[in-house]
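Colleague: Got a minute? I'd like to go through this one with you.
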Amino acid sequence: MTDGTDPIEDFDPLYPNRFQKGKSGNPKGRPCGAKGMKSIVQRVAHETHIITENGERKRVSTVDLLLKTIQCEALKGNLKAKILLDELREKYSPQEANNTGYGCLLVPEGCTLETTLLRVEDVEDDERLRHRLT
């Protein structure tokens with residue numbers, strides 16, 4: 001349809017054969033050794049930098065520097081930095097255990113509660129011993 005009704009065919013009149021059906025736009029693919037965005041971000045995030053903090057020289061990663069910068073900005077009153085810091089804390093802080101003090105002990109059929117508790121104590125003693133030997 002070259003009568004001007006099909007917007008796809010009439011999109012670029014200067015290059016009528018620019019895109020051909022069934023032919024890849026990148027036939028050779030990505031060159032060998034080309035770095036993807038993920039590997040670049042990981043490399044930059046793990047780079048170490050030497051800083052002086054309280055008169056002491058330290059090596060810190062880029063991620064540490066970014067977090068310290070966000071924290072400083074939040075303490076200065078930057079609302080966006082405070083919101084970002086709160087989101088990061090919520091996402092990456094250790095989860096608190098939901099210790100209600102209640103549990104459930106399943107006793108195998110044919111065993112009494114006392115024999116099961118003795119078995120559990122034996123297993124715990126074995127694990128402590130194994131831990132000391134390693």
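**A pocket and a helix**

Modeller: Sure. The second largest pocket has a volume of about 160 Å³. A pocket is an open set of points on a 1 Å grid over the protein atoms alone, where a 1.4 Å probe fits, with protein on both sides within 12 Å along at least five of seven lines. This is a predicted model, where local features need pLDDT of at least 70 and side-chain atom pairs count only at pLDDT 80 or more, while totals for chains, interfaces and linings use all residues. Residues are numbered from 1 along each chain, and side-chain values use heavy atoms, leaving out hydrogens and water.

Colleague: Which residues line the second largest pocket?

Modeller: Val 63, Leu 67, Gln 71, Leu 85, Leu 88, Arg 89 and Tyr 92; lining means having an atom within 4 Å of a point. Helices H2 (62-76) and H3 (79-92) each give two or more of them. Helices are DSSP runs of H or I, at least four residues, and strands are runs of E, at least two.

Colleague: What about H2, which of its residues are buried?

Modeller: Thr 62, Ile 70 and Ala 74. Buried is under 20% relative accessible area and exposed is over 50%, with a 1.4 Å probe and protein chains only.

Colleague: Why do they line one face?

Modeller: Down the axis of H2, its buried residues fall within an arc of 110°, so they line one face. The arc uses directions from the helix axis to the C-beta atoms. On the other side, Leu 75 and Lys 76 are exposed.

Colleague: And what follows H2?

Modeller: Gly 77, with a positive phi near 110°.

Notes. Points joined across faces, edges and corners; volume = space filled by probe spheres on them.
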